[in-house]
Amino acid sequence: RIAYVNGQYVPHRDASVHIEDRGYQFADGVYEVVTVTGGRMIDEEGHLDRLWRSLNELRMAPPMKRAPLKMVMREVIRQNGIRDGIIYLQVTRGVAPRDHPFPKNTPSSLVMTAKRLSMAKAAKTAEQGVSVITVPDIRWTRRDIKSVSLLPNVLAKQEAKDRGAYEAFQVDDDGMVTEGSSTNAWIVTKEGRIVTRPTSNSILAGITRASLIRELEKNDIEIELRSFSVEELLDAKEVFLTSSTSYVLPVVKVDDQVIGNGHPGIVSQKLRSIYENFMAGEV
Ligand code: PMP
């Protein structure tokens with residue numbers, strides 16, 4: 001495997017950054033994960049728009065202009081021979097002696113890696129559906145920024161894993177679901193209404209979420225952008241989640257509550273196929 005580190009393509013096992021990188025010391029960095037299908041990136045522009053927004057919100061300089069960045073992404077995919085997988089890219093505020101304020105005249109660091117993912121395994125997971133747990137949302141109030149400061153998300157995902165679940169849906173102080181540790185949360189109510197939380201500082205604006213909303217609008221399928229409570233979640237006819245790596249993934253159990261008949265619901269399956277059609281169109 002090959003990694004890109006600040007201008008160089010190096011063997012993955014030798015790829016390293018300096019101990020005074022601010023990503024390492026302060027989690028002073030942002031990232032993106034882009035899905036690669038058939039050798040092509042899905043929603044490349046959406047991910048780059050979000051990266052630029054994250055950088056801007058943190059007053060961090062882009063490591064390079066957008067066009068060369070796209071070329072590096074393509075090169076990382078090519079050098080790793082990825083057909084189906086992901087590309088990870090991370091930008092930090094660079095290497096400087098440890099001090100909280102922004103360093104002056106320090107270029108940001110750019111790191112990229114890519115890896116293969118098994119499409120067969122993902123398809124099987126989607127066929128069976130997954131379980132999720134609910135946990136308190138203990139994150140900061142700028143969850144709209146895709147920061148590498150992921151400790152609360154790490155703790156939430158580990159708790160899910162410890163309890164045999166795929167994902168943890170985080171719940172705010174008002175008892176409303178924000179989002180998963182690395183996914184956006186959706187329900188289909190008993191009345192058949194498709195609901196997901198509107199974007200704000202409380203959640204990350206998922207690119208998959210946005211693309212699914214756009215595809216649903218094209219198909220004249222109505223959705224309701226509003227917060228929903230844990231009670232509504234447990235009482236839902238269907239539950240599903242979205243992310244770049246999970247696409248549209250049916251949820252069949254929440255905490256110890258079986259959702260529907262314990263199998264992926266008809267709406268979730270339809271939305272997954274709508275999303276898969278969109279991805280096929282991107283390739
Ligand atoms: N919420 C959080 C907290 C995430 O980390 C992710 C994954 N990037 C998502 C939602 C889903 O976003 P996307 O569809 O852009 O992968």
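Let me start with strand β10, in what is a predicted model. Its side chains alternate: Asn184, Trp186 and Val188 point one way, while Ala185 and Ile187 point the other way, and all of them are buried. Buried here means that 20 or more other C-beta atoms lie within 10 Å of the residue's own. Five of the five residues in β10, which covers residues 184–188, meet that cut-off, so the strand is largely enclosed by the rest of the structure.

What does β10 pair with? One partner is β13, residues 238–243, which runs antiparallel to β10 and is joined to it by five bridges. In that pairing, Ala185 sits opposite Leu241 of β13. Another partner is β11, residues 194–196, again antiparallel, with three bridges. There, Ile187 is the residue facing Val195 of β11. β10 and β11 form a hairpin with five residues between the strands, and Gly192 in this hairpin has a positive phi near 85°.

β13 comes up again with helix α8, so I will turn to that helix, citing its packing first: the buried residues of α8 pack against β13, and also against α4 (119–128), α6 (207–218) and β14 (247–254). Which residues of α8 are buried? They are Ser268, Leu271, Arg272 and Tyr275. Looking down the helix axis, the buried residues of α8 fall within an arc of 105°, so they line one face. The general rule is that an α-helix has 3.6 residues a turn, so residues three or four places apart point the same way. On the face turned away from the buried side, α8 carries the exposed residues Ser273, Asn277, Ala280 and Gly281.

A check on the length of α8: its 17 residues, 266–282, should span 24 Å at 1.5 Å a residue, and the C-alpha atoms at its ends are 25 Å apart, which agrees.

Now the whole chain. It is divided into domain 1, residues 2–117, and domain 2, residues 122–282. Their C-alpha centres are 26 Å apart. At the contact between them, 22 residues of domain 1 meet 14 residues of domain 2. Which elements of domain 1 supply at least two residues each to the side that touches domain 2? Those are β3 (29–37), α2 (44–57) and β5 (85–92). β3 gives the most, with eight residues. By type, the residues on that side of domain 1 are nine nonpolar, eight polar and five charged.

How values were computed. Residues are numbered from 1 along each chain as its sequence is written. This is a predicted model: local features need pLDDT of at least 70, side-chain atom pairs count only at pLDDT 80 or more; totals for chains, interfaces and linings use all residues. Domain bounds come from an automatic or database domain assignment. Two residues are in contact if their C-beta atoms, placed from the backbone, lie within 7 Å. Helices (H or I, at least four residues) and strands (E, at least two) are DSSP runs, numbered from the N terminus. Ala, Val, Leu, Ile, Met, Phe, Trp, Tyr, Cys and Pro count as nonpolar, Asp, Glu, Lys and Arg as charged, and the others, Gly among them, as polar. A residue is buried if 20 or more other C-beta atoms lie within 10 Å of its own, exposed if 12 or fewer, and partly exposed in between; C-beta atoms are placed from the backbone. Two strands pair if DSSP finds at least two bridges between them. The expected span of a helix is 1.5 Å times one less than its number of residues. The arc is that of the directions from the helix axis to the C-beta atoms.
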